[in-house]
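Me: I should like to examine the reasons behind the terms applied to a structure. Please show it, and I shall ask about each term in turn.

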Amino acid sequence: MSTTSTPPAVAGADEARPQVASPAVARWTAAAFAAAGVLWALFPLLRPWADKVPVSSDDLAAAWASDAWVLAHLSGIAALGLLAPALLGLRSLVAARPGGRGATLLTWATALAWIGAAGASLYYGAEIFGIRTFAEATLRRGDASLLDEVQVLRDQPTATVLFGVGLLLVAAAGVLAAIALFRARVPWAWTGVVFAAGLVLVLPQFFTPPAMRTAHGVLFGVGCLLVAFAVTRLRTRTR
């Protein structure tokens with residue numbers, strides 16, 4: 001009487017086979033990058049620039065109290081907030097490739113983007129609601145002196161430190177992501193350079209005129225869209 005048994009190598013093949021990222025991960029990762037890029041590009045396009053040009057106090061208050069002011073800054077917050085989930089998805093895709101090179105760097109990039117976005121968003125929250133509150137009070141009372149408090153709000157030491165450090169961490173996340181793409185040898189790895197440039201310039205562009213900030217919004221958007229396309233080109237296979 002003969003019995004058949006599965007050879008050990010065959011029996012353990014399924015267990016040894018590496019796990020691969022689901023196609024759904026690639027889809028939502030690409031979507032997160034694309035959404036972040038579009039939302040950041042909308043930030044300077046929607047933002048009223050009355051505080052950057054000579055206008056009357058009434059016009060300035062109206063701009064700060066407008067829905068466009070709120071929507072622009074919410075777009076910026078959402079864009080930064082989507083970076084960490086997008087990078088996390090990219091990490092999963094890279095880790096599933098043979099060798100998983102670059103995955104550790106993307107882990108750090110994800111963490112830095114999450115912490116950085118959280119710090120910067122606190123400042124944006126003050127910009128949205130604090131400045132709008134002063135503007136609405138100015139329009140109600142007809143007292144333009146209330147607008148002087150806006151600069152006091154913007155220069156609050158703790159808020160500015162959180163904002164600056166947060167955006168520096170976001171910049172570092174972009175650089176790490178770019179290096180990780182090259183290490184992973186993914187198709188279209190060079191798109192990470194454009195993406196990193198957009199993130200590195202987030203903080204400096206705040207000290208430039210509106211036209212330069214709009215141009216940066218385009219750069220940021222293009223970088224994110226290019227990485228989104230690169231994500232769709234990733235191919236992972238079981239071995």
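Reply: One may begin with Leu45, which lies in helix α3. The model is a predicted one.

Me: What makes Leu45 part of a nonpolar surface patch, and which residues make the patch with Leu45?

Reply: Membership requires over 30% relative accessible area and no salt bridge, with nonpolar side chains joined within 5 Å. The patch is made by Val38, Leu42, Leu45, Leu46, Leu71, Leu74 and Leu225, and covers about 590 Å². Leu45 is one of these residues, so the criteria for a patch apply to Leu45.

Me: Which helices each supply at least two residues of the patch, and where does the largest share come from?

Reply: Helices α3 and α5 each supply at least two. The largest share comes from α3, with four residues.

Me: Why is α3 called roughly antiparallel to α5?

Reply: The axes of α3 (residues 23-46) and α5 (residues 67-95) cross at roughly 155° and come within 7 Å. Angles over 145 degrees count as roughly antiparallel, and the value for this pair therefore makes α3 roughly antiparallel to α5. The contact of α3 with α5 has, by class, 25 nonpolar, six polar and no charged residues.

Me: What is the handedness of the crossing of α3 and α5?

Reply: The crossing of α3 and α5 is left-handed.

Me: Why are α4 and α6 called oblique to each other?

Reply: Helix α4 (residues 57-64) packs against helix α6 (residues 103-141) at an angle of about 135°, the axes being 8 Å apart. Roughly perpendicular covers 65 to 115 degrees, and roughly antiparallel begins over 145. The angle of about 135° falls in neither range, nor is it under 35 degrees, so it belongs to the rest, which count as oblique. The two helices, α4 and α6, are therefore oblique to each other. In handedness, α4 passes α6 in a left-handed crossing.

Me: How do you know that α6 and α8 are roughly antiparallel?

Reply: The axes of α6 and helix α8 (residues 157-184) cross at roughly 155° and come within 7 Å. The cut-off for roughly antiparallel is over 145 degrees, and α6 and α8 are therefore roughly antiparallel to each other. By class, the contact of α6 with α8 has 24 nonpolar, four polar and one charged residues. The crossing in which α6 passes α8 is left-handed.

How values were computed
Residues are numbered from 1 along each chain as its sequence is written. This is a predicted model: local features need pLDDT of at least 70, side-chain atom pairs count only at pLDDT 80 or more; totals for chains, interfaces and linings use all residues. Side-chain values use heavy atoms; hydrogens and water are left out. Axes are lines fitted to C-alpha atoms, for helices over the stretch in contact, and angles run from 0 to 180 degrees between N-to-C directions. A crossing is left-handed if the near helix is turned anticlockwise from the far one by less than a right angle, and right-handed if clockwise. Ala, Val, Leu, Ile, Met, Phe, Trp, Tyr, Cys and Pro count as nonpolar, Asp, Glu, Lys and Arg as charged, and the others, Gly among them, as polar. Patches are made of residues with over 30% relative accessible area and no salt bridge: like charges are joined within 9 Å, nonpolar side chains (Val, Leu, Ile, Met, Phe, Trp, Tyr) within 5 Å. Accessible areas come from the Shrake-Rupley method with a 1.4 Å probe; for residues, only the protein chains shown count as cover. A salt bridge is a side-chain nitrogen of Lys or Arg within 4 Å of a carboxyl oxygen of Asp or Glu.
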